[in-house]
Amino acid sequence: MSAHKSEFIQSVVERGYLHQCTDLEKFDARASEKSISAYIGFDCTASSLHAGSLVPIMLLRLLQKTGHKPFVLMGGGTTKVGDPSGKNDARKLLDDEAISANMAGIKQVFEKFLTFGDGPTDAIMVNNDDWLSGLEYISFLRDYGKHFSVNRMLTFDSVKLRLERDQPLSFLEFNYMILQAYDFMELARRMDCAAQMGGSDQWGNIVNGVDLTRRVLSKEVFGLTTPLLTTSSGAKMGKTADGAVWLNEDMLSPYDYWQFWRNTEDADVGRFLRLFTELPLDEITRLEALEGAEINDAKKVLADTATALCHGEVASTAARQTAETTFEQGGLGDKLPTFDVERARLDEGIPAFQLFREVELASSGGEARRLIKGGGAKVNDVALPSEVHVVTTNDLNSDGVIKLSAGKKRHALVNVI
RNA sequence: GGAGGGGUGUCCGAGUGGCUAAAGGAGACGGGUUGUAAACCCGUUGGCGUACGCCUACGUUGGUUCGAAUCCAACUCCCUCCA
């Protein structure tokens, strides 16, 4: 029943990773004959990747799991240029220092999802700065520039959309696709890389690389893109209340990460389970068929497995337990953010709005006041009557702490010292 | 180099001398409904203060005026067209 010969492509298709491929049949055939290698590039624009990058990461993981070799290309060089794809404005240019700091943060993410090493299917991380920075302008133009037609470059979305909307596109950015194409060719030459994968917005860049490799090396390589993920209600993946859903623990706690998946929209559960977990497909089919309140069980499975992949089993279980005690039993999970307050201050009493600001449930006194006025602020699950209400040692509960809540989902504990 | 247009709150975007902490929208936060979902409805949305209030804010600096986001000058950054 398997429509594709290779395990890799078969999984890519049935789990929903495929958007476009330059030649799916040939790619499939190649992957079924032997172990291939493929790469995905990541720019170093932030010190961590967020959930929006998770599809490509999972795709690399799948590649490795099915017996092939993944390359992670860090865009140390291309980040200096800035990818115009999908952007209205040129982004701020980062300096070398910022780029290498970002790269260090991003590396940590990959170490969780891929196995690196020297073995045949071990992942390898490369940095395109290694070959891009040393390029010489004239010889580069003569050797590679002749393969690019400006007429054609103008037809690619990344460029075309900017021009159509009369938005500026600098020559620097215009060169981005050439450099990315060069990356692909360079990897094909050095490491026999057979394919480049990426988000659908990378299609133009990838196709350029496939063409360049064919022209320069007379080698056939492949391009494959993943669908750009949005939630069913149209929001971009990876963005949420407090900003991006970061994959690094120091930027987003495992508990919050777990919560992100737990709060998946109903309509997305099946799709997300296929993309972001490695559960067998028949199990996923069963889970996504759940209806009404039962679908919450599927969301918990999603949260558990996705968090375990990113932060490990231990953190995932802890996050789940905290969530369960907090939401289902109204209790206190030990993973809730906890803040220490001196006993003396509490004896005197602390105005509620000030306390809420201190435990970071509100970013300013005004915000805390509004929260309290709106009835969203609770002390030990009891709504506060007024913003000047004073919290004292009398509010300590039987566990010796005070539970503060902003709305139903955000909680913090006050610990007396 | 020349000509023109523009820089407003998280973002987009109104606003051409007092009624402007600044319309509208988006986003965000809170409440309601529910299932820690979506959709929908309501409220809030510069900072500080219990409150009368005070402070900071419309690219930067200075000026005109009783009074300026609004007028003037210089500077700066961005965009468009021409060369």
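**From an exposed loop to a helix crossing**

With a relative accessible area of 23%, N380 is partly exposed, since that value falls between the 20% below which a residue counts as buried and the 50% above which a residue counts as exposed. The model described here is a predicted one, and N380 is placed by it in the loop between β11 (377-379) and β12. The backbone at N380 has a positive phi of about 50°, although N380 is not a glycine.

Strand β12 (residues 382-383) contains V382, and V382 is exposed, its relative accessible area being 54%. In sequence V382 and K403 are separated by 21 residues, while their C-alpha atoms lie 9.8 Å apart in space.

A positive phi is also found at E360, another residue other than glycine, where the angle is near 65°. E360 sits in the loop between α18 (352-358) and α19 (365-373), and with 60% relative accessibility it counts as exposed.

A buried loop residue can be examined at T277, which belongs to the loop between α13 (269-276) and α14 (281-288). T277 has a relative accessibility of 1% and therefore counts as buried, the cut-off for that class being under 20%. Its side chain reaches the backbone oxygen of L273 at 2.5 Å. When neighbours within four places in sequence are left aside, the residues in contact with T277 are R15, M58, F272, I284, L302, T305, A306 and L309.

The helix that precedes this loop, α13, is itself mostly covered, with 7 of its 8 residues buried. These buried residues are V269, G270, F272, L273, R274, L275 and F276, so that L273, whose backbone oxygen is reached by the side chain of T277, is among them. The elements that cover the buried residues of α13 include α1 (7-14), α3 (54-65), α12 (254-262), α14 and α15 (295-311).

Two packed helices are described by the angle between their axes and the distance between the axes. For helix α10 (residues 176-191) and helix α11 (residues 203-217), the axes come within 8 Å and cross at roughly 50°. The two helices are therefore oblique to each other, and the crossing of α10 and α11 is right-handed. By class, the contact of α10 with α11 has 12 nonpolar, 5 polar and 1 charged residues. On the α10 side the contact is made by Y176, M177, Q180, A181, Y182, F184, M185, A188 and R189, which meet N205, I206, N208, G209, V210, L212, T213, V216 and L217 in α11.

Technical notes
Residues are numbered from 1 along each chain as its sequence is written. Chains are lettered from A and ligands numbered from 1 in the order in which they are written. This is a predicted model: local features need pLDDT of at least 70, side-chain atom pairs count only at pLDDT 80 or more; totals for chains, interfaces and linings use all residues. Side-chain values use heavy atoms; hydrogens and water are left out. Axes are lines fitted to C-alpha atoms, for helices over the stretch in contact, and angles run from 0 to 180 degrees between N-to-C directions. Helices (H or I, at least four residues) and strands (E, at least two) are DSSP runs, numbered from the N terminus. Angles under 35 degrees count as roughly parallel, over 145 as roughly antiparallel, 65 to 115 as roughly perpendicular and the rest as oblique. A crossing is left-handed if the near helix is turned anticlockwise from the far one by less than a right angle, and right-handed if clockwise. Contact means heavy atoms within 4.5 Å. Ala, Val, Leu, Ile, Met, Phe, Trp, Tyr, Cys and Pro count as nonpolar, Asp, Glu, Lys and Arg as charged, and the others, Gly among them, as polar. Buried means under 20% relative accessible area, exposed over 50%, partly exposed in between (1.4 Å probe, protein chains only). A polar contact is a pair of N or O atoms within 3.5 Å; within protein, one must be able to donate a hydrogen and the other to accept it, and residues adjacent in sequence count only if both atoms are side-chain atoms.
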